[in-house]
Amino acid sequence: MKISIITITFNSEKTLQRTLDSVQSQTYREIEHVIVDGASTDGTKNLIERYAKQHPNVRWVSEKDKGIYNALNKGISLATGDIIGFLHSDDVLFSCHSIEQIASAFSDPSIDVVYGDLQYCRDGKIVRRWKSNAFHPHSLKYGWMPPHPTMYVRKEVYQQVGEYDEWFHISADYDMMLRIFQRGYHSQYIPEVLVRMETGGASNKNTKARLSKTQEDYIVLKKNHVGIGYLTVACKQLRKLRQFFRKS
């Protein structure tokens, strides 16, 4: 069972190496690493070229894209693995066994989606832990969602539900998860941290981004006929607050 890990990059020279090392350190060996670079202007492209020469399991492209979700869609189209997940260019897999744990969950052929917990860090310090839980259909209307960076999905699921909606600038991952979980695909929760993520992403880098995220989340809920509008958005935000008190 081949697992494709998609990494999207743009001018990520300072952080990309640790992401690459994280993938190559995995004990699970049937990994394809797909790197989609948005025509970086720093040393990112040279770093990827050197990495690809050293590791035959790498596929990559460097060209202009139309944003994060366009790059994710491009990565999915390039991936040849049975399972697809994402690891962004400033994130790392939590341990060398993370992908092995994910692969073990997928050894059950009835499982379509696997996810775990996420740890947020800033300057090497843990600031927040997103502890998820097993999916229940009623959870969606109360703002539940799994940590997207930990979510691995069978490729045929993406083929069935379609691409990330590039109309959204911040919330297309939330839209994708609602589309997947509403269809009744079987999921498996791994109650351990699978990914360590640096804070400061597109959805939480400043107040303006957080407001845009709130507005897009509301549109996502309406589009998918889930929840009670801004009440569900508020529940989603309250879930985040608990993460700051759960750092270990």
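This report describes a helix, a buried arginine and several salt bridges in one structure. The model is predicted.

**Helix 2 and Ile48**

Helix 2 spans residues 44-54, and Ile48 is placed within this helix. The buried residues of the helix are Thr44, Leu47, Ile48, Tyr51 and Ala52. They lie on the same side of helix 2, because they cover an arc of only 130° around the axis. The face turned away from that buried side carries the exposed residues Lys53 and Gln54. Among the elements that cover the buried residues of helix 2 are strand 1 (3-9), helix 1 (13-24), strand 2 (31-37) and strand 3 (58-62).

Ile48 itself has a relative accessibility of 0% and therefore counts as buried, a term that applies to values under 20%. Residues up to four places away in sequence set aside, Ile48 touches Thr9, Leu16, Ile35, Asp37 and Trp60. The C-alpha atom of Ile48 is separated by 27 Å from that of Lys125, a residue 77 places away along the chain.

**Arg154, a buried charge without a salt bridge**

Arg154 belongs to strand 8, which comprises residues 152-154. Arg154 is buried and yet has no salt bridge. The nearest side chain of opposite charge is that of Asp112, at 4.3 Å. A salt bridge requires a nitrogen-oxygen separation within 4 Å, so the pair of Arg154 and Asp112 does not qualify. The side chain of Arg154 does, however, reach the backbone oxygen of Ile111 at 2.6 Å. Neighbours within four places in sequence left aside, the contacts of Arg154 are Met1, Asp82, Ile83, Phe106, Asp108, Pro109, Ile111 and Asp112.

**Salt bridges**

Side chains of opposite charge can pair when their charged atoms come close. The whole structure contains eight salt bridges. The table presents three of them, including the distance between nitrogen and oxygen.

| Acidic partner | Basic partner | N to O distance |
|---|---|---|
| Asp117 | Arg129 | 2.8 Å |
| Asp165 | Lys223 | 2.9 Å |
| Asp217 | Lys236 | 2.9 Å |

The salt bridge between Asp117 and Arg129 links distant parts of the chain: Asp117 is in strand 6 (residues 113-122) and Arg129 in strand 7 (residues 125-130), 12 residues apart. Asp117 counts as buried because its relative accessibility is 0%. Arg129 is likewise classed as buried, at 13% relative accessibility.

Asp165 and Lys223 form a salt bridge that also connects distant parts of the chain, the two residues being 58 residues apart. Asp165 is in the loop between helix 5 (155-161) and helix 6 (172-182), whereas Lys223 is in helix 7 (residues 207-224). Asp165 has a relative accessibility of 24% and so counts as partly exposed. Lys223 is partly exposed as well, with a relative accessible area of 36%.

In the salt bridge between Asp217 and Lys236, Asp217 lies in helix 7 and Lys236 in helix 8 (residues 230-243), so this pair ties together parts that are 19 residues apart in sequence. Both Asp217 and Lys236 are buried. Elsewhere, salt bridges with shared partners join Asp165, Asp175, Arg179 and Lys223 into one network.

Terms used
Residues numbered from 1 in each chain as written. Predicted model: local features only at pLDDT ≥ 70, side-chain atom pairs only at ≥ 80, totals over all residues. Heavy atoms only, no water. Helix = DSSP H or I, 4+ residues; strand = E, 2+ residues; numbered from the N terminus. Buried < 20%, exposed > 50% of the residue type's maximum accessible area, 1.4 Å probe, protein only. Contact = heavy atoms within 4.5 Å. Lys, Arg positive; Asp, Glu negative; His and termini not counted. Polar contact = N/O pair within 3.5 Å; in protein donor to acceptor, adjacent residues only side chain to side chain. Arc of directions from axis to C-beta.
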